[in-house]
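Biologist: Hi! I'd like to get to know this protein with you. Could you walk me through it?

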Amino acid sequence: MDSTEKLLGKTLAEKLTMESQVSDLKSSSSSSVTDKSSLDEEVFRKNLVNMLTSAKNMFYVPSFKIYNSGVSGLYDYAPPGCALKSNVLALWRQHFVLEENMLEVDCPCITPEVVLQASGHVDKFTDLMVKDEKAGTFHRADHLLKDFCTEKLQKELTALSAEKVQELKHVLAMVADFSPEQLGSKIKEYGVVAPVTKNPVSDPYPFNLMFQTSIGPSGAVLGYMRPETAQGIFVNFKDSYYYNGSKLPFAAAQIGQAFRNEISPRQGLFRVREFTLAEIEHFVDPEDKYHPRLSEVEDLEFLMFPREEQGPGKDAVKLRLGDAVTNGTVNNQTLAYFIGRNVCGSVSILEMRWHIMQHAEIQCSYGWTECVGIADRSAYDLRAHSEKSGIPLVAHEKFSAPREVEKLVIIPVKEELGLAFKGNQKKIVEALEAMDEKEAMEVKAALELHGEVEFQVCTLGKAVTIKPSMVSISKEIKKEYQRVFTPSVIEPSFGIGRIIYCLFEHSFYTRPEDEKLNVFRFPPVVAPIKCTVFPLVQDKKDNKYDAVAKEISKSLTAAGVSNKLDTTGTTIGKRYARTDELGVPFAITVDDDTTTVTIRERDSRDQIRVEINKVVRLVQDLTNGVRTWANIQSEYPCVPFKKMNDLP
Ligand SMILES: Nc1ncnc2c1ncn2[C@@H]1O[C@H](COP(=O)(O)OP(=O)(O)OP(=O)(O)O)[C@@H](O)[C@H]1O
């Protein structure tokens with residue numbers, strides 16, 4: 001990982017808006033590498049996607065592609081893609097679940113309707129859509145407007161007035177939060193039309209993104225494919241809290257598939273209809289968002305926009321994360337910790353250009369793209385599920401000594417109410433009991449003053465006359481032994497497909513001096529294949545080099561290091577080219593030296609000589625992050641390549 005960390009940040013209202021530039025790619029300083037910024041983005045992307053999806057490399061492929069049915073937004077991960085994804089997930093699990101002691105759960109994708117009704121997804125998990133009435137196609141309204149503004153700014157910048165530029169930038173910043181009316185009026189005002197057909201589009205209207213299904217043969221129980229994994233964590237809160245010793249804070253995590261019927265899937269793995277999410281729900285006391293490990297990240301420095309310095313034209317200033325929490329630039333300790341260690345840490349291990357602007361965004365050829373959503377969900381979900389299920393999803397703070405508190409006590413006199421209101425008695429009792437302190441005190445005062453009060457009962461849709469004999473309202477001093485509250489939730493939500501696609505882009509380069517050889521510079525810890533093993537030449541007589549290579553490959557496998565044995569006997573250059581193309585970071589070559597072998601590193605193409613009995617351990621350390629190529633140089637100086645004709 002690069003040691004230089006440049007972090008840029010800013011806050012917006014309750015949310016943190018912070019930009020951090022963690023690591024410039026190593027390649028940018030290397031003259032041997034063609035930096036993608038100098039290439040046309042489109043050409044770069046086409047070249048990359050061809051590489052990734054070709055049958056030769058098969059990182060991922062469009063699903064069901066032999067049936068050209070036109071279903072987009074579904075992809076299969078293929079052999080190296082699967083290996084890379086499982087390495088990214090293992091890294092995530094190590095970084096979060098293990099190192100942060102999180103409670104991992106694995107819940108079903110099929111979710112009964114009631115759960116998603118409670119969470120609000122059935123009513124509100126929508127995107128705004130417009131229809132190209134002539135062609136019958138649909139488009140996401142905010143994306144159309146966003147694309148229009150971006151293109152205008154890119155292509156006509158010099159011709160636009162300063163005010164217009166400001167306006168378009170403002171629209172771009174706010175478009176995600178526009179109401180249907182605001183979106184519709186901007187689309188009309190700017191004359192935004194459908195892409196390709198250039199037809200006018202309808203007014204925006206909401207489209208629910210969930211895939212509906214039914215559970216069981218009767219079809220009577222409705223369900224949905226979950227659009228996020230979080231709800232499974234929330235509905236398990238009561239048990240997880242108990243499992244955690246009834247203590248806060250704690251975090252639960254889940255890795256799994258999420259399903260969204262995207263209106264217009266695009267940009268390959270970026271916007272698909274089924275994708276892997278890795279989500280964390282960190283439960284905290286809303287009155288104390290303290291984080292016990294903030295001290296580990298508080299010295300990290302970020303460029304941020306302090307609260308009082310926000311607004312157009314303001315410059316970011318460098319702030320210590322700890323100070324940013326103290327002065328309120330970062331909302332609370334827990335959020336700061338997640339930004340400092342968790343989000344930055346995990347993504348920067350992958351050596352990618354990223355920053356935080358409300359969400360963690362990674363830079364790629366599509367621009368800055370949200371890959372990790374960071375949300376303060378407050379107590380919303382737990383409250384909603386408590387209400388719907390009738391099971392209290394709450395935490396307790398036990399007091400060291402009982403506290404005396406003044407409590408409102410409302411006792412409806414059911415017999416009197418029954419006599420006066422007959423069948424409506426129950427609804428009136430419920431309404432009286434539901435009064436808050438202010439309302440109860442007003443009713444009490446009116447009863448004392450006038451001997452009766454007109455009391456509105458919403459469930460009856462009318463007011464009834466209440467007399468002093470019908471209800472007793474008082475305040476009493478009571479002893480409390482604990483505080484019962486609904487925890488707040490902070491949620492970082494990692495889109496694994498987006499992170500992987502960015503990793504492909506950030507790792508991809510061409511070596512011009514090797515006849516434009518394509519290389520993936522995957523960090524060893526996530527590389528799909530960690531090491532290749534090959535004999536320098538084929539020894540047709542007794543296969544002795546092959547035998548040593550096979551033995552090393554077997555030992556690497558036993559040590560959990562994925563490897564590929566290549567005894568094809570093609571030229572060493574061709575074999576290196578093939579492994580570079582798959583992003584294999586190390587290659588072990590067996591030659592005529594009976595006690596040592598060489599290890600070649602993919603990016604520097606330097607090689608070192610290592611004793612055979614140490615090579616497996618060394619490659620294991622290099623690929624699981626215990627050691628780096630740079631820090632073994634003093635122990636293992638580089639050696640020149642041995643050519644085939646150097647051999648006897
Ligand atoms: N259709 C999708 N395809 C791939 N990844 C996705 C998709 N939708 C969301 N994600 C990933 O899941 C993460 C968390 O989801 P969240 O609900 O916060 O996204 P979102 O705000 O709906 O995303 P967007 O605004 O891009 O649609 C996102 O940061 C992203 O990485």
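Modeller: Happy to! One term to begin with: a residue is near a molecule or strand if its C-beta atom, placed from the backbone, lies within 6 Å of it. Bear in mind that this is a predicted model, where local features need pLDDT of at least 70 and side-chain atom pairs count only at pLDDT 80 or more, while totals for chains, interfaces and linings use all residues. Residues are numbered from 1 along each chain as its sequence is written.

Biologist: Cool. How many residues surround the ligand, and which are the closest?

Modeller: There are 16 around the ligand, and the closest are Phe 275, Gly 373, Ser 493, Gly 495 and Arg 498. Strand E15 (274-284), strand E20 (367-378), strand E25 (488-495) and helix H16 (496-507) are the elements that give two or more residues to this shell. Those labels are DSSP runs numbered from the N terminus: helices (H or I) have at least four residues, strands (E) at least two.

Biologist: Which element has the largest share of the shell?

Modeller: E20, with four residues. By class, the shell around the ligand has six nonpolar, five polar and five charged residues. Here Ala, Val, Leu, Ile, Met, Phe, Trp, Tyr, Cys and Pro count as nonpolar, Asp, Glu, Lys and Arg as charged, and the others, Gly among them, as polar.

Biologist: Changing topic: what domains does the protein have?

Modeller: The domain assignment gives domain 1 (58-121 + 210-394 + 488-510), domain 2 (126-208), domain 3 (399-485) and domain 4 (518-639). Such bounds come from an automatic or database domain assignment. Domain 1 puts 12 residues into its contact with domain 4, which puts in 13 residues; two residues are in contact if their C-beta atoms, placed from the backbone, lie within 7 Å.

Biologist: Which element gives the most to domain 1's side of that contact?

Modeller: Helix H2 (79-98), with six residues. That side of domain 1 has eight nonpolar, three polar and one charged residues.

Biologist: What about helix H14, which of its residues are buried?

Modeller: In H14 (residues 425-433), the buried ones are Ile 428, Val 429 and Leu 432. They cover an arc of only 105° around the axis, so they sit on the same side of H14. The arc is that of the directions from the helix axis to the C-beta atoms. Buried means 20 or more other C-beta atoms within 10 Å of a residue's own, exposed means 12 or fewer, and partly exposed is in between, with C-beta atoms placed from the backbone.

Biologist: Why would residues a few places apart point the same way?

Modeller: An α-helix has 3.6 residues a turn, so residues three or four places apart point the same way.

Biologist: Any unusual backbone spots? I see Phe 64; what is its phi?

Modeller: Near 55°, a positive value in a residue other than glycine. Phe 64 is in the loop between strand E5 (60-62) and strand E6 (75-77), and is exposed, with 11 other C-beta atoms within 10 Å. Elsewhere, the peptide bond from Leu 248 to Pro 249 is cis, with omega near -5°.

Biologist: Last one: in what order do the six strands of the open sheet run?

Modeller: The order is E29-E28-E30-E31-E32-E33, with mixed pairing. Strands pair if DSSP finds at least two bridges between them. Strand E28 (residues 531-535) and strand E30 (residues 586-590) run parallel, joined by five bridges, and Phe 534 has Thr 589 in E30 as its bridge partner.
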